[in-house]
Amino acid sequence: MPTKCRLCSSSNTQLLFVSKNIHGRHLLGGENFNVLECENCKVTFTDVEVNSLFYKHYYPENYYDQLHGSRLIEGILSFLEKFSFQRKLRLILKHKPPGNRVLEIGCAQGKFLSNLPSIFEKFGIEINENGRQYIQKHYPDITIYQGDIENENFGDCIKKYDIILMWHVLEHIKNPSAFLQRLSSLLNKNGVFIFEVPNRDSLGFQLTRKQWFHLDTPRHLYHFNKLSLKPLLDQQGLKIIEYSGNTIDYWHDLTTSICKCFSTKVPIINKVFYFIFFPIGFTIRTLVSIFMAPTAEINTYVVKHSS
C-alpha cells in the first residue's frame, strides 16, 4: 500500500531512499526511516509517526547543550556566528516595516533575539524547557512563550507582530499548512516573515542523498525546495519577495556530506580526506550560494502578505 504524503495526503508518492537517525555527521541510532517524494505537491518528506513519544525520544532536554572544542575552533565559530548575525540583521532592517514587535519562533536559548538592537520589542516561543529557563534567567527583555503558535492561549494575539523570524524550524513542523495559516494571522498587514530552511534541491542533496548533512531524519519531517514552498505560502495569502542562498551558516555542510559518502573505518584516513577536500568543497558551496540560490545548501526566504 503506497505511503500517503504527509503534506497533501496524496498516495502518489515515491520512495527515494532509506535513512537512519542522523544529525549532521553523527549517527544517533539504527532505526530506519523512509524518505519519500510526493508527485502531487512535490514535497519530500520523512515517513514517521509524530506523537508525544516522538518529541521525548528525539528532542531530549539537553538538545541545546553546547559542544566545546579547542580555543581556535571556538574562536572561528564565534567570528562566523557574529558574521551570520550581521547578515540576518541587515536583511531584517532592509525589509523592516514601521513597527518594532518581533517574534522569533524556535528561539532556542534566545541569543539571536538578545543581540537585536534595543529598538525592538522582543518575543520568543520555544518548546524546550531548558531553553525557556535559560532565556528567563539571562534575557529579561525577551517575553518568552511555551508551546507553539497554534495554541489558542498563545500570547497577546490582539497585537500582531511586525517581524516574524524562523531559522531552521519549518522542516520540524508536523502540519505546515495549519502552522502557516496561524502565522499569517499573527503577522501585521505590512509585516515581514523571514525564515530559512535546508534546500532539498541543493547540490549536497543531489550528490549525496541519504548522506546529506541537513537530512536530520527523523527530526526533519519535510525537506523543502522553492517549488514545494511557494504553493504552501500562497494558500495562506503569503508571497515570496526575496529568495537567496546562505553563504555563512553551516559552511562545512557540503564537504561533510561528500566525505560521508567515502567514509572508511579508519578515522585518520577520514580526517585526511576531509582536510584535503575541504578547500574545494567550501569554495564550491560559497559560489553556489552566491550565484545559484536554487542549488544552495540553505535558502533564506523573505515573505509578506500578498495583499
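**Exercise 1. Work out whether Arg200 is buried or exposed, then find its salt-bridge partner.**

Start with the arginine: Arg200 has 9% relative accessibility, so it counts as buried, the cut-off for that being under 20%. Keep in mind that this is a predicted model.

Next, look for the partner. Arg200 pairs with Glu37 in a salt bridge, and their closest N and O atoms sit 3.2 Å apart. Now place the two ends: Glu37 is in strand 2, while Arg200 is in the loop between strand 8 (187–198) and helix 6, so the bridge ties together parts 163 residues apart in sequence.

Last, check the acid. Glu37 comes out at 19% relative accessible area, and since buried means under 20%, Glu37 is buried too.

**Exercise 2. Trace the network of salt bridges that includes Arg87, and say which residues are linked in it.**

Begin with Arg87 itself. Its side chain meets that of Glu196 in a salt bridge, at 3.0 Å from N to O. Glu196 belongs to strand 8 and Arg87 to helix 2 (residues 71–95), so this pair ties together parts 109 residues apart in sequence. Both Glu196 and Arg87 are buried.

Then turn to Lys88. Lys88 forms a salt bridge with Asp249, with 3.1 Å between the closest N and O atoms. Here, too, distant parts of the chain get linked: Lys88 is in helix 2 and Asp249 is in the loop between strand 10 (238–245) and helix 8, 161 residues away. As for cover, Lys88 has a relative accessible area of 9% and is therefore buried; Asp249, at 14%, counts as buried as well.

Put it together: Arg87, Lys88, Glu196 and Asp249 are linked in a network of salt bridges. For the wider picture, a search of the whole structure turns up 14 salt bridges.

**Exercise 3. Check the backbone: which signs of phi do Lys42 and Ala108 have, and is the peptide bond from Thr217 to Pro218 cis or trans?**

First, the background: most residues other than glycine have a negative phi, and most peptide bonds are trans.

Take Lys42. Its phi is positive, about 70 degrees, although Lys42 is not a glycine. Lys42 sits in the loop between strand 2 (26–38) and strand 3 (44–47), and a relative accessible area of 33% makes it partly exposed.

Ala108 also has a positive phi, about 55 degrees. You'll find Ala108 in the loop between strand 4 (101–105) and helix 3 (111–115); with 23% relative accessibility, Ala108 counts as partly exposed.

Now the peptide bond: from Thr217 to Pro218 it is cis, with omega near 5 degrees. Pro218 is part of the loop between helix 6 (203–208) and strand 9 (222–223).

**Exercise 4. Describe how helix 8 and helix 9 pack, and which residues form the nonpolar surface patch that includes Ile269.**

Geometry comes first. Helix 8 (residues 253–261) packs with helix 9 at an angle of about 135 degrees, and their axes are 8 Å apart. That makes the two helices oblique to each other. The crossing of helix 8 past helix 9 is right-handed.

On to the surface. Ile269 is located in helix 9 (residues 267–291) and, at 45% relative accessibility, counts as partly exposed. Together with Val266, Ile268, Val272 and Ile276, Ile269 forms a nonpolar patch with about 450 Å² of accessible area in total.

Technical notes
Residues numbered from 1 in each chain as written. Predicted model: local features only at pLDDT ≥ 70, side-chain atom pairs only at ≥ 80, totals over all residues. Heavy atoms only, no water. Patch = residues over 30% accessible without salt bridge, like charges linked within 9 Å, V, L, I, M, F, W, Y side chains within 5 Å. Areas by Shrake-Rupley, 256 points an atom, 1.4 Å probe, with all protein chains shown as cover. Salt bridge = Lys/Arg side-chain N within 4 Å of Asp/Glu carboxyl O. Helix = DSSP H or I, 4+ residues; strand = E, 2+ residues; numbered from the N terminus. Buried < 20%, exposed > 50% of the residue type's maximum accessible area, 1.4 Å probe, protein only. Axes fitted to C-alpha atoms, helices over the stretch in contact; angles between N-to-C directions. Parallel < 35°, antiparallel > 145°, perpendicular 65-115°, else oblique. Left-handed = near helix turned anticlockwise from the far one by under 90°.
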